[in-house]
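Visitor: Could you take me slowly through just one part of this chain? I'd like to know what sits where and what touches what.

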Amino acid sequence: MALRLVIGNKNYSSWSMRPWVLMRALEIPFEEPKLRFDFAEGSPFRRAVAKVSPAGRVPVLLLEDGTAVWDSLAIAETLSDLFPGVGVWPGALAERARARSLCAEMHAGFSALRTHCPMNIEASLAEAGARVWAEHEAVRRDVARIEAMWADALAKSGGPMLFGRFGAVDAFYAPVCMRLRSYALPVSDTTRSYVERVVAVPAVRQWIDDALAERDFIAEDEPYRTAP
């Protein structure tokens, strides 16, 4: 099956990271057309995305027949339909329900963390992270909720990943792991250990290495290094 996953810059595109690392980790073959972020009206990025997605955003999974799936959660569900035995979701019904709930909460929530700590893999932003942590209670609430979810899931599964083996939930929270590292946000030892296990997953490591190799500075995605 010839699948194509259209993505954005690996250093910045947290939404693209999710299905990419999931597919790589589960050994689902795909091509990866990458579009350089440029959100100006009429930019090459906008024109290219408009050809494959009515939403005008990445990621977009293109199926063999040309069908476009343009949302990361929808992509995960489509992969589960196409490859039911590879482990996108846990096997047991109750665990699948919990896993989907965790992904949906990530998909729709944690706006403060997203806003104030945008993903930037190559950057070391500990000073910015300390400032965000001190000034934004909503960020502290977001991180506390994430830590509670992770601790509960790890306690139930026994690890090493949230539901035992790497799957959609870990892929959805991989960008959070990147944020916690880049901004050096204060977290528990349990959280820190999980983050490092995620980073050590070969698919995640490959994404990080690719992001570091981009060397493609985009001012719009660098609020802490371009602010006066």
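Guide: Let's walk from helix α6 to helix α9, with a stop at the loops on the way. Keep in mind that this is a predicted model, where local features need pLDDT of at least 70, side-chain atom pairs count only at pLDDT 80 or more, and totals for chains, interfaces and linings use all residues. Residues are numbered from 1 along each chain as its sequence is written, and side-chain values use heavy atoms, with hydrogens and water left out.

Start at α6, residues 126-135, and move on to α7, residues 137-157. (Helices are DSSP runs of H or I, at least four residues, numbered from the N terminus.) The two axes come within 5 Å and cross at roughly 100° (axes are lines fitted to C-alpha atoms over the stretch in contact, with angles from 0 to 180 degrees between N-to-C directions). That makes α6 roughly perpendicular to α7 (65 to 115 degrees; under 35 is roughly parallel, over 145 roughly antiparallel, the rest oblique).

Who does the touching here? On the α6 side you'll find V132, W133, A134 and E135, and they make contact with E137, V139, R140 and V143 of α7 (heavy atoms within 4.5 Å). Sorted by class, that contact has five nonpolar residues, three charged ones and no polar ones (Asp, Glu, Lys and Arg are charged; Ala, Val, Leu, Ile, Met, Phe, Trp, Tyr, Cys and Pro nonpolar; the others, Gly among them, polar).

Next, follow the chain into the loop between α7 and α8, where P160 lies. G159 and P160 are joined by a cis peptide bond, with omega at about 5°. That's worth a second look, because most peptide bonds are trans.

Now for the pair α8 (residues 168-182) and α9 (residues 189-200). In the loop between them sits A184, which isn't a glycine and yet has a positive phi of about 50°. Most residues other than glycine have a negative phi.

How do these two helices meet? Their axes come within 9 Å and cross at roughly 115°, and α8 and α9 are therefore roughly perpendicular to each other. From α8, the residues D170, A174, C177, M178, L180 and R181 reach the partner helix; across from them, α9 offers T191, Y194, V195, E196, V198 and V199. Look at the classes and you get eight nonpolar residues, one polar and three charged.
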